[in-house]
Amino acid sequence: MAVQPDQQWHTMDADRVVEAIGSSPAGLSEKEAAARLIQYGPNELKQKKKTSLFVIFLRQFKNVLIYVLIVAMAISFLLGEVLDAEIIGAIIVLNALLGTYQEVQAERSIDALKKFLVHEAFVVRDGEKKKVHASSLVPGDVIEVDAGDYIPADARLITISGLTVDESALTGESEPALKHVAPVPEDTPVGDRDCMIYAGTIVTAGRCRAVVVSTGMNTEIGRIASLVETGVDRQTPVQISIDRLGKLFGIAALIVCVVIFIAGILEGQKMFDMFLVAVSLAVAAIPEGLPATVTIIFALGVRRMASRKAIVRTLASVETLGSTSVICTDKTGTLTQNAITVRRIATASGIVEVTGEGYTDKGQFMAAGTELEPARSGELWTLLTVGILCNNATYERTGEDYRMLGDSTEVALLIAGAKAGLVKKALEEDCPRELEVPFSSDTMFMLTANRCKSGYVAYIKGAPERILDRCTHLLTNGGVVPLTPEARKRFIDENQYMASHGMRVLGLGYKQLADLQSETLADAETGLTFVGLTGMIDPPRPEVRRSIELCQHSGIKVVMITGDQLLTAVSIARELGIYSEGDEAITGTELAAMSDQELSERIMKITVYARTSPEQKQRIVKALQQHDLVVSMTGDGVNDAPALKNADIGVSMGITGTEVARQASDVVLADDNFTTIVNAVEEGRTIFNNVRKTVIFLFSSNLGEVLTILLGILLALPLPLLAIQILWVNLISDSLPAMALGMDKPDRRVMDRPPRPRSEGILTKGLAIDIALIGIVLGITTLAIFYLYLGSGVDYARTMAFATLIVLEMWVVLICKIGSDSLFSRKTLDNPYLLGAIVIALALLLIVLYVPFLQVVFSTVTLNLRDVGIIFGVVMGIAVVVEVIKALMRRIKV
Ligand code: ATP
């Protein structure tokens with residue numbers, strides 16, 4: 001049947017919509033979905049058009065510096081200095097080409113990132129629930145959406161349970177809308193169409209099944225928003241401060257240039273020469289390539305992080321990651337494997353151990369060392385049945401293998417049931433679900449009402465204390481009996497036993513209901529019959545212990561915040577090294593009772609927060625930030641979003657997290673693994689270090705060039721470097737090494753240091769001194785060589801100064817790389833890009849020195865072997881002196 005995108009779906013009953021759109025309650029077939037995908041195209045909003053290469057190239061000319069160069073070129077041309085004009089022109093173009101290359105690289109890296117940020121959706125096709133990319137949805141698809149999900153397309157609701165939707169993206173209304181399935185009148189505005197859900201809005205509570213009616217640009221959001229942007233390309237604080245620093249440096253340089261120009265003229269230098277020198281000095285001093293280089297360093301780092309499974313959503317977070325001083329992490333799935341298995345069951349008759357590993361139905365139920373036939377124990381049988389019926393996970397079975405879909409706690413219950421031969425589909429056929437109170441981290445339980453042969457039955461499962469509180473009776477093999485205080489205590493003790501052995505514990509219960517009309521769901525939540533407890537193990541991830549050690553070694557505090565109970569949390573925290581003697585562990589209730597003052601006093605000691613509600617995470621973030629800590633916080637649920645936003649780094653889960661949490665976060669863990677956060681912090685530190693190295697290199701080289709000229713003029717010497725030579729050094733030979741510095745590998749000791757303080761910018765006092773010292777060494781050495789060779793003619797002396805400066809800068813790039821380490825260590829040679837860039841820069845120097853045509857252009861002369869020897873000798877001499885000083889300083893520090 002043809003689909004009409006503009007049909008009034010909200011006025012029709014759900015079954016009529018399903019029929020009219022050519023679908024069925026079992027969804028479309030895969031074949032039909034594929035055909036419709038071709039017909040309607042992918043379910044995507046149009047992306048912003050890509051900037052063309054030409055536009056990027058033209059953009060390179062939008063720079064004050066380039067304007068200065070263009071003026072210089074024009075003046076040279078007017079004065080008849082055609083060669084100079086041509087050279088400046090060539091350099092402008094070369095510089096623009098390099099800038100274009102850098103920008104394209106940066107854009108590519110960011111694009112590569114965006115591809116990680118795809119949405120997923122649950123769809124029913126051929127009667128089976130599947131997870132697909134939201135872009136492959138088509139009109140007619142039956143989708144299932146849960147609390148925390150983004151709604152992937154416009155759809156007509158079929159069934160709902162407690163569904164509320166935040167439609168602010170579409171309507172601006174911040175109060176979540178309560179949804180119903182009944183049709184609404186034709187003229188109802190979009191914001192009031194309660195039976196519809198719209199793409200781009202968020203499910204704040206409940207769940208639903210709906211049939212897609214429009215996708216992509218045909219959705220309501222598609223009509224109003226023709227462009228989608230992601231936040232990936234926002235500037236980072238470092239980028240902003242580098243821009244500012246560059247401008248500051250530029251202004252200072254311009255003043256110096258004017259002074260040099262005037263001083264030169266007063267000394268009797270030719271006005272035109274002085275003009276060109278002043279212009280080239282300006283070019284030399286202003287680190288115009290720095291912003292683009294820094295963007296590339298960030299973008300490449302982000303790509304490296306992605307390959308280590310940390311998907312960074314904003315460039316700014318890369319930088320903050322590097323200064324993380326506290327990691328607040330949840331437990332299930334992040335610290336543990338999320339491979340939850342029911343191990344122990346407690347019912348009225350006692351304890352049953354469950355054997356068997358992994359997602360198979362192989363396993364036995366053992367009571368006091370002997371195998372128990374589940375069908376012979378009414379308690380055990382009922383407990384497993386409750387666990388399966390009050391459950392939203394599903395699985396497909398092919399032979400021996402189970403492919404599980406859904407929450408891992410619920411998956412564990414399905415598997416436990418399967419070990420007793422209980423199959424969800426068959427149970428649900430006998431007892432179809434009529435209503436559901438979905439699980440939420442606040443209530444900590446889930447309840448369903450099912451229509452069974454014996455009448456309506458409510459099934460409940462959740463945190464043991466919450467379930468026990470609602471129960472008045474107990475199921476025994478002999479029938480239902482009142483739940484005595486002794487029996488209650490026995491279960492509380494057993495819960496403590498399980499929890500102190502690191503188990504996740506659930507309580508299960510049920511209640512026979514009269515009918516669903518007279519008895520409300522609230523009634524169903526009280527006066528229940530308790531069936532028993534299940535203790536599940538979820539082993540810690542093996543690699544996490546080492547990562548936690550690494551954090552502690554590098555001054556990063558690790559805190560566990562979990563919805564699970566205290567004993568379970570402490571047991572796992574202790575095993576992983578998060579909790580040790582002297583630390584504190586508190587529950588959400590204790591936290592709620594604490595004043596801000598008390599929390600602030602104790603917060604540095606607390607390493608475990610148990611039974612915490614997502615709302616409390618915000619308070620923890622704030623309290624930690626008051627201690628000037630840079631807080632990274634993980635979260636996966638809808639209610640975690642505010643804490644993720646408020647934390648310095650919000651971290652969400654790529655596999656198990658909700659879409660809302662992902663959108664609110666700065667980093668998405670593709671593997672949900674704690675170790676990935678630590679890897680990302682390490683990368684963040686490396687990126688920051690690399691930016692720093694590049695800044696030191698470019699600023700000190702620029703300073704060296706300015707000083708050479710300035711001192712030359714002050715000493716009334718001829719110009720030590722010609723304009724064209726300065727332009728060459730700065731725009732061509734420095735660029736590649738600067739970029740390559742940014743690709744340096746993580747330093748083995750990057751995690752040996754404590755986190756960088758929040759207030760520490762890219763340039764510290766110490767670094768400014770380093771830059772000044774290097775600049776002075778460069779300036780004085782270059783000028784000294786020039787002076788010594790003046791006797792052989794100015795061109796000769798300039799060629800020597802020019803070559804010395806470039807070779808010296810190659811040494812500078814190496815010392816920027818290794819920092820306080822020795823130049824003679826293996827680390828000097830571990831960045832092939834840098835070695836390549838140095839070789840290229842030196843090769844370019846040789847070309848300028850020895851190709852006759854370029855000798856004319858650059859006014860260079862052929863240097864003989866002795867000259868080359870002198871240059872390398874001088875540079876090596878300086879290198880050795882610096883190494884000796886560094887070695888002495890290292891020794892003093894030790
Ligand atoms: P974390 O991921 O930090 O370890 P958590 O997953 O343990 O937290 P929640 O998901 O909020 O935290 O669960 C809190 C408690 O609710 C659990 O300890 C458990 O008792 C109960 N619970 C968890 N999942 C379900 C579920 N699907 N149905 C019913 N109860 C559940």
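Here is a chat about the ligand site and the nonpolar core of this predicted model.

Modeller: Ground rules: the model is predicted, so local features need pLDDT of at least 70, side-chain atom pairs count only at pLDDT 80 or more, and totals for chains, interfaces and linings use all residues. Residues are numbered from 1 along each chain as its sequence is written, and side-chain values use heavy atoms, with hydrogens and water left out.

Colleague: What makes Thr332 a polar contact of the ligand?

Modeller: A polar contact is a pair of N or O atoms within 3.5 Å. An N or O atom in the Thr332 side chain sits 2.7 Å from a ligand oxygen, so the pair meets that cut-off. Asp564 has a polar side-chain atom 2.9 Å from a ligand oxygen, and Asp407 has one 3.2 Å from a ligand nitrogen.

Colleague: Which residues of the shell are closest to the ligand?

Modeller: Asp330, Thr332, Arg504, Thr562 and Asp564, out of 19 that surround the ligand; to be near, a residue needs a heavy atom within 4 Å.

Colleague: Why is the largest nonpolar core said to lie between two domains?

Modeller: Domain 2 (313-336 + 542-672) and domain 4 (687-893) both contribute residues, so the core lies between them; the bounds come from an automatic or database domain assignment.

Colleague: What makes a set of residues a nonpolar core?

Modeller: Its members are buried Ala, Val, Leu, Ile, Met, Phe, Trp, Tyr and Cys residues joined through side-chain atoms within 4.5 Å, where buried is under 20% relative accessible area (1.4 Å probe, protein chains only). Of the 133 residues here, Phe674, Val691, Ile709, Phe802 and Trp811 touch the most other members.

Key:
A polar contact is a pair of N or O atoms within 3.5 Å; within protein, one must be able to donate a hydrogen and the other to accept it, and residues adjacent in sequence count only if both atoms are side-chain atoms. Buried means under 20% relative accessible area, exposed over 50%, partly exposed in between (1.4 Å probe, protein chains only).
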